[in-house]
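Reader: Skip the grand tour, please. Pick one part of this model, take me through it slowly, and tell me how far I can trust what I'm looking at.

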Amino acid sequence: MHRRPLTLSLHEDHPRHTPRADTGSVMRKTFLLLALLALSLPVTGVASLSAGDGTLSVEDGKGKVTIQARGGVIGRLDRGTVTIYDLTPEDTNLPAVFGDDQPVVLVGENGIKYTGAGMRFRVIGGRYRILIQGRGIDLSVVGKGFGSIKGDPGQFGVYSLDGADCRKDRAACKLLPEIEKRFVLEAAPEKNVVRPAADG
C-alpha cells in the first residue's frame with residue numbers, strides 16, 4: 001500500500017494540546033522551524049543538530065519505540081498512543097501533537113499521553129522521554145541519548161540506526177526486532193586514517 005510521505009507544513013492547524021507558552025517562546029520556536037525548513041532538511045534525517053548526534057529512522061512500524069534523548073523528533077502513526085515526558089520543562093522547547101482524538105491523560109509529574117488515528121508529533125530541542133506504541137509508526141530522530149525498539153510478531157516495519165532514510169531506501173534498513181532491542185543514539189566513531197609519512 002502506498003503511504004503518503006511524512007512532511008511538515010506551516011499551514012497545519014494548531015495542535016489542540018500544545019502546552020501554553022508566552023509569545024517570545026512561540027516566536028523562538030517558529031524561527032527554529034522556519035530555519036529547518038529553509039535548509040530543506042529531510043524529515044527522516046532532521047539534520048544533525050550538533051556534533052556526535054545519532055539517528056533513528058522507522059518506517060511503517062507496528063510495535064513500541066522508546067526514546068530518551070536531547071535533540072529532535074518528528075513522527076507519525078496510523079493509530080496508537082504517544083506519551084511525551086518533558087525532562088526540561090523550564091526551557092522554551094514545547095512538543096506539538098496533531099490529530100489526537102481522545103482526551104489526554106496526565107502521566108506522573110511531567111508526562112502527557114495522547115491517543116488517536118493519523119497522529120503527527122514533533123519535539124525540537126530540549127530533553128525528553130517519548131513512548132510511541134501502535135501501528136503505522138513513521139519516526140525520525142536526531143540526538144544524543146538512548147532507547148529501545150520492539151516490533152509486534154508478523155509485522156513488516158523497518159528501522160535504521162546507521163543514518164539510512166528508511167522512507168527512501170527501505171532495503172538499507174532492518175526489520176523491527178521481535179525481541180526488544182536497546183540502542184544508544186550517538187554518532188559512529190570515525191575510522192582512523194593512516195597518512196603516509198612525508199619524505200625527508
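Author: Let's start with contact, which here means heavy atoms within 4.5 Å. With that in hand, go to threonine 83: leaving aside neighbours within four places in sequence, this residue is in contact with Val107, Ile112, Lys113, Arg129, Ile130 and Leu131. Threonine 83 sits in strand β1, and that strand, residues 54–86, is the part I'd like to stay with.

A bit of housekeeping before we go on. You're looking at a predicted model, where local features need a pLDDT of at least 70 and side-chain atom pairs count only at 80 or more, while totals for chains, interfaces and linings use all residues. Residues are numbered from 1 along each chain as its sequence is written, and side-chain values use heavy atoms, with hydrogens and water left out.

Where does β1 fit in the chain? Helices (DSSP runs of H or I, at least four residues) and strands (runs of E, at least two) are numbered from the N terminus. The protein chain has 1 helix and 7 strands, in the order α-β-β-β-β-β-β-β from the N terminus on. Contacts here reach a long way along the sequence: of those between residues at least 6 apart, 82% join residues at least 24 apart.

Back to threonine 83, then. How covered up is this residue? I call a residue buried under 20% relative accessible area, exposed over 50%, and partly exposed in between, using a 1.4 Å probe and protein chains only. Threonine 83 comes out at 4%, so the residue counts as buried. Further back along β1 there's another threonine worth a look, threonine 66. That one has 14% relative accessibility and so counts as buried too. Not counting residues up to four places away, threonine 66 touches Arg129, Ile130, Leu131, Phe146, Gly147, Ser148 and Phe183. You'll recognise Arg129, Ile130 and Leu131 from the list for threonine 83.

Now to the charged side chain in this strand. Side chains of opposite charge can pair when their charged atoms come close. The rule for a salt bridge is a side-chain nitrogen of Lys or Arg within 4 Å of a carboxyl oxygen of Asp or Glu. Arginine 76 meets that rule with aspartate 138, their closest N and O atoms being 2.9 Å apart. This pair ties together distant parts of the chain, with arginine 76 in β1 and aspartate 138 in β4, 62 residues apart. What about burial here? Arginine 76 is buried, since its relative accessible area is 7%, and aspartate 138 is buried as well, at 2%.

The whole structure has 4 salt bridges, and another one belongs to the loop between the helix and our strand. There, aspartate 53 pairs with lysine 144, at 3.1 Å from N to O. That also links distant parts of the chain: aspartate 53 is in the loop between α1 (23–38) and β1, lysine 144 is in β4 (residues 111–151), and 91 residues separate them. The two ends differ in cover, because aspartate 53 is buried at 9% relative accessibility, whereas lysine 144 is partly exposed at 38%.

For contrast, look away from the strand for a moment. Arginine 182 and glutamate 180 form a salt bridge at 3.7 Å, N to O. Here arginine 182 is exposed, at 65%, and glutamate 180 is partly exposed, at 37%. There's also 1 disulfide (a pair of cysteine sulfur atoms within 2.5 Å). Cysteine 166 and cysteine 173 make that link, with sulfur atoms 2.1 Å apart and a left-handed twist of -110° about the S-S bond.

And trust? pLDDT is the predictor's confidence in each residue, from 0 to 100. The chain averages 79, and 68% of residues score at least 70. Confidence is lowest in α1, with a mean of 42, and highest in strand β5 (residues 158–160), at 97. Over residues 4–14 the pLDDT is below 50, and this stretch has 22 contacts in the model beyond near neighbours in sequence. Residues 18–48 also stay under 50, with 46 contacts beyond four places in sequence.
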